[in-house]
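This report concerns one protein chain and the way its parts pack together. The sequence and the structure are shown first.

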Amino acid sequence: MSGVLERRTLREQVVDSLRSEIAAGHLRAGTPLVETALSARFSVSRGTVREALRELHERGLVVHQPRTGTFVRQLNAEEITGVYEVRAALEGRAAMAIARSPRWAEHADRLEEFVDAMHRARAEPFVKRIGVDIEFHRELCRSSGNTTLVHSWELLVGQMDSVHSGMGESIVAPLMSTEDHLVIVDAIRSRDAGLIQRTIDRLMAHSAGQLLGSLKNPGLGTTSFADNRLPN
């Protein structure tokens, strides 16, 4: 039994390490992931590496190409649009559920604590800032009290990591501004369902549009939603 647990721990360590490197952009989209090289690097068996790569594939972080190998996934324009459309639907529903909750003020305060954590982490490595950003949105969904919604949102995390890897820090970082997250908290505090959904729809559409623009023109930078916010 101990051997099984140890092997599982090694697999998880490999998964966590590779996921962090993908999210941070150290393993860029299209990078081949070779079992023999990873086995030597992590001092684990090829079987453990194979299991780790299988899990990363299930999370949407890597792709398997028959007779070619395994590569870090690059989302195309259609997939990026789909991720942000689904996020808008799920996070908009979550935010509206919070606004209807008797504990809405407590949940809003908790989300603002995450924004404060994002501000404190602004000088940290990119992967750390990504983690804090993800935790804000995870808390948003969890606070809805809808476990099915949370599960559906968690299925998108791997694709979000693929966005980070494929686009890089200079493109993604402006879309993680604390001001953009405060826009969400302010909308929840309004307790106006229409305003909440409009705000999140616009924020997600803005992020997707900025990423697609940079995908077409790699030299094009991005700006935060708050810097381009339209009147409600």
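The text below treats the nonpolar cores, a helix pair, one further helix, and several single residues.

**Nonpolar cores**

The model is a predicted one. Its largest nonpolar core comprises 50 residues, and within this core Y84, F136, I188 and L211 have the most contacts. Helices α4 (77-100), α5, α6, α7 (147-154), α8 (157-167), α9 (169-172), α10 (178-190) and α11 (193-216) each contribute at least two residues to the core. The largest share comes from α4, with 10 residues.

The surroundings of I188 illustrate how this core is joined. When neighbours within four places in sequence are left aside, I188 is in contact with A95, I98, A99, A108, L111, L140 and I196. Apart from the largest core lies another, of 15 residues, which includes V15, L38, V44 and L56.

**The pair α5 and α6**

Two packed helices are described by the angle between their axes and the distance between the axes. For helix α5 (residues 104-120) and helix α6 (residues 126-142), the angle is about 175 degrees and the axes are 9 Å apart. Angles over 145 degrees count as roughly antiparallel, and α5 and α6 are therefore roughly antiparallel to each other. On the α5 side the contact is made by R110, L111, F114, V115, A117 and M118; on the α6 side it is made by V132, D133, E135, F136, E139 and L140. By class, the residues of this contact divide into 8 nonpolar, 4 charged and no polar.

**Helix α3**

Helix α3 covers residues 46-58, which is 13 residues. At 1.5 Å a residue α3 should span 18 Å, and its end C-alpha atoms are 18 Å apart, so the expected and computed values agree. The buried residues of α3 are G47, T48, V49, A52, L53, E55 and L56. An α-helix has 3.6 residues a turn, so residues three or four places apart point the same way. After α3 comes G60, which has a positive phi, near 85 degrees.

**Single residues and their exposure**

Four residues outside the largest helix contacts described above may be set side by side.| Residue | Location | Relative accessible area |
|---|---|---|
| E21 | helix α1 (residues 2-24) | 15%, buried |
| T31 | loop between α1 and α2 | 23%, partly exposed |
| S43 | loop between α2 (35-42) and α3 | 65%, exposed |
| R67 | loop between β1 (62-65) and β2 (69-72) | 85%, exposed |

E21 counts as buried because its relative accessible area of 15% is under 20%. Not counting residues up to four places away in sequence, E21 touches H26, L27 and R41.

T31 is in contact with T70, F71 and V72, leaving aside its neighbours within four places in sequence. The C-alpha atoms of T31 and R46 are 18 Å apart in space, while the two residues are 15 residues apart in sequence.

S43 and R67 share a backbone feature. Phi of S43 is positive, near 55 degrees, in a residue other than glycine. R67 likewise is not a glycine, yet has a positive phi of about 60 degrees. S43 is exposed because its relative accessible area of 65% is over 50%, and R67, at 85%, is exposed by that cut-off too.

Methods: Residues numbered from 1 in each chain as written. Predicted model: local features only at pLDDT ≥ 70, side-chain atom pairs only at ≥ 80, totals over all residues. Heavy atoms only, no water. Helix = DSSP H or I, 4+ residues; strand = E, 2+ residues; numbered from the N terminus. Expected span 1.5 Å × (residues − 1). Buried < 20%, exposed > 50% of the residue type's maximum accessible area, 1.4 Å probe, protein only. Contact = heavy atoms within 4.5 Å. Axes fitted to C-alpha atoms, helices over the stretch in contact; angles between N-to-C directions. Parallel < 35°, antiparallel > 145°, perpendicular 65-115°, else oblique. Nonpolar A, V, L, I, M, F, W, Y, C, P; charged D, E, K, R; others polar. Core = buried A, V, L, I, M, F, W, Y, C linked by side-chain atoms within 4.5 Å.
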